[in-house]
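Subject: Handover of a structure and notes on what was found

Dear colleague,

Please find below the structure that I am handing over to you. My notes on it follow directly after it.

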Amino acid sequence: MRKSIVLLLVIAAIVVLLSPGIIGRIAERSVESNLQWAADENQGVIITSERFDRGWFSSEGRHRIEIRDPEILEALAMLAGRGTADGDASLIIDTRIDHGLIPVTSVGRTGGSVAPGLGRGVSTLFIEFSDGQTVPIPGTIYSTIGLTGVLSANYIAEPGSVEADDSTASWGNANIELSTDQETESFVVEGTIESLGVSDAGDTLRLGKTTFSGVQSPGSFGFSVGEFEIAAESVAVEEAGIETYRLGPVSLAGTSDIAGDRVNGDFRMSIDTLALPGYGEADFDVAMRFTGLDGAALGRIVRTLDETGDDAGPQELQLLLQEDFEELLAAGLELLVDRFDFDLPQGPVSARMRFTVEESDAESFDLSTLLMTLDAEADLTVSEGFVEHAMLTNPEAGAIVGMGYLRRNGDVYEMRAEYAKGLLTINGAPMPIPMGGQPYQGN
């Protein structure tokens with residue numbers, strides 16, 4: 001019994017006193033590999049280690065993230081209270097890591113613990129611009145390096161604000177948790193921002209309490225797949241200090257996955273108190289799914305959009321994307337709109353839709369090919385009150401009812417539309433679609 005106790009004490013001494021030095025080397029390599037993975041995943045970002053002073057029980061390091069992406073540079077300039085980002089900028093991260101299988105030196109500080117792992121860190125950040133100006137970034141990152149090398153980080157910031165020229169940004173308490181695994185190249189994020197406001201030239205966008213979460217893993221076509229969810233209690237717009245528009249709560253969610261050479265996914269959105277001119281405030285709810293998208297063509301479309309940025313006009317984008325978009329359609333796909341609902345003061349409006357495009361030859365694909373390979377159907381249900389209101393405010397609405405596009409069924413109006421091989425049918429009445437200058441005549 002006494003020998004067993006002595007053995008346990010020896011093991012405990014090794015874990016507490018001898019493991020930190022060994023674990024420190026492993027922790028350093030884990031930090032470097034996670035940073036390198038992050039750099040590889042983000043274009044326009046260069047990450048370097050300026051120093052890493054490894055001690056027996058703790059280490060301190062500084063890493064520089066050089067940022068050249070114009071959009072990120074502008075955001076950093078705003079955060080620093082500068083009007084514009086002149087030249088490149090760097091994000092500097094100073095980190096202290098308490099390491100050892102039992103990181104005893106982390107006890108007593110925020111985020112500290114003796115839970116087993118490679119180490120526990122605390123990081124502060126600041127921005128360094130090309131002219132030498134340095135600006136601290138609000139908040140602190142508390143991180144944990146697990147025994148398998150998984151890095152978990154918790155960013156905590158108190159309320160604050162910054163000003164730059166005619167622009168202002170303000171935020172409430174923020175708490176964001178991020179976990180990355182460079183072995184699987186995946187990450188999990190979850191966070192809450194109590195409030196967020198951005199003002200520019202007197203116009204202000206305000207978000208109420210916003211929560212978000214996501215799980216993303218790299219796909220085989222150059223983009224990540226997984227799931228995400230975002231919810232904001234309110235969205236408001238102010239002009240000259242006067243609120244002109246408000247809606248919410250607002251929620252967005254979606255998932256995506258890859259099966260062989262195809263991409264599948266779904267998207268859901270819900271908006272309360274959405275103002276519709278002439279009809280009042282409505283609650284809007286949509287849910288759709290897509291299956292069988294060609295992954296290679298979709299990957300090229302995503303890369304083109306990333307490389308083009310926001311400067312390209314509609315015509316330029318059309319020219320850049322046309323070939324890949326046609327290949328995407330030629331490969332075949334299916335889009336299902338399971339829910340497209342408005343809850344209006346005049347009554348509900350509800351639609352369900354399906355679009356299926358059969359596979360065809362990409363070399364000869366054109367609009368007529370699409371019309372021949374498309375199979376679609378839609379069901380629309382409209383409340384009596386909505387139709388009556390529409391006819392009072394828009395005379396053309398009455399023509400739609402008179403032509404039989406909307407048929408009354410009790411206290412609602414309905415439309416059933418079907419399309420296949422150039423023939424459109426609405427409520428049983430055929431409406432041929434001209435193809436190549438001639439209407440489709442059927443088989």
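Two strands are taken to pair if DSSP finds at least two bridges between them. In that sense, strand 4 (residues 119–129) and strand 5 (residues 134–145) pair in the antiparallel sense, over nine bridges. Arg120 has Thr144 of strand 5 as its bridge partner. Please bear in mind throughout that this is a predicted model.

The same region offers two further details. The hairpin of strand 4 and strand 5 has four residues between the strands, and Gly132 in this hairpin takes a positive phi near 95°. Strand 5 also pairs with strand 6 (residues 151–157), again in the antiparallel sense, over six bridges. There, Ile141 stands opposite Tyr155 of strand 6.

The chain as a whole

The chain contains seven helices and 28 strands. It has 443 residues, of which 36% are buried. Its exposed area is about 24400 Å², and carbon and sulfur atoms supply 57% of that area. If one takes the contacts between residues at least 6 apart in sequence, 52% of them join residues at least 24 apart.

Nonpolar cores

The largest nonpolar core holds 19 residues, and those touching the most other members are Phe223, Val263, Leu293, Leu298, Leu328 and Leu333. Helix 3 (295–308), helix 4 (314–330) and strand 22 (374–383) each supply at least two residues of this core. Helix 4 gives the largest share, with four residues. Apart from this core lies another, of 16 residues, which includes Leu247, Leu274, Val286 and Phe386.

Leu333, a member of the largest core, is in contact with Thr291, Gly292, Leu293, Leu328, Phe355, Thr356 and Val357, once neighbours within four places in sequence are left aside.

Arg262 and its surroundings

Arg262 is found in strand 18 (residues 262–276). Which backbone oxygens does the side chain of Arg262 reach? One is that of Gly292, at 2.7 Å, and another is that of Ala331, at 3.0 Å. With neighbours within four places in sequence left aside, the contacts of Arg262 are Asp257, Gly292, Leu293, Asp294, Gly295, Ala331, Gly332 and Glu359. Leu293 and Gly292 thus appear in the contact list of Arg262 and also in that of Leu333.

Val387 in helix 6

Val387 lies in helix 6 (residues 384–393). Is Val387 buried or exposed? Its relative accessible area is 4%, so Val387 counts as buried, the cut-off being under 20%. Not counting residues up to four places away in sequence, Val387 touches Val382, Val401, Leu406 and Tyr413. Val387 and Gly347 are 40 residues apart in sequence, and their C-alpha atoms are 9.1 Å apart in space.

Aromatic pairs

The structure holds five aromatic pairs. One of them joins Phe340 and Phe342 in an edge-to-face arrangement, with 5.8 Å centre to centre and 75° between the planes. Phe340 counts as partly exposed because its relative accessibility is 29%. Ring pairs link Phe284, Phe340 and Phe342 into a cluster.

Backbone features to inspect

Most residues other than glycine have a negative phi, and most peptide bonds are trans. Three places in the chain deserve mention against that background.

- The peptide bond from Gly248 to Pro249 is cis, with omega near 5°. Pro249 is found in the loop between strand 16 (242–247) and strand 17 (250–259).
- Lys421 has a positive phi, near 50°, and is a residue other than glycine. Lys421 is found in the loop between strand 24 (412–420) and strand 25 (423–426). At 36% relative accessibility, Lys421 is partly exposed.
- Asn427, which is not a glycine, has a positive phi of about 50°. Its place is in the loop between strand 25 and strand 26 (429–432). Asn427 is buried, since its relative accessible area is 15%.

With kind regards

Note on methods
Residues are numbered from 1 along each chain as its sequence is written. This is a predicted model: local features need pLDDT of at least 70, side-chain atom pairs count only at pLDDT 80 or more; totals for chains, interfaces and linings use all residues. Side-chain values use heavy atoms; hydrogens and water are left out. A polar contact is a pair of N or O atoms within 3.5 Å; within protein, one must be able to donate a hydrogen and the other to accept it, and residues adjacent in sequence count only if both atoms are side-chain atoms. Contact means heavy atoms within 4.5 Å. Buried means under 20% relative accessible area, exposed over 50%, partly exposed in between (1.4 Å probe, protein chains only). A nonpolar core is a set of buried Ala, Val, Leu, Ile, Met, Phe, Trp, Tyr and Cys residues joined through side-chain atoms within 4.5 Å. Rings of Phe, Tyr and Trp (its six-membered ring) pair if their centres lie within 6.5 Å; planes under 30 degrees apart count as stacked, over 60 as edge-to-face and the rest as tilted. Accessible areas come from the Shrake-Rupley method with a 1.4 Å probe; for residues, only the protein chains shown count as cover.
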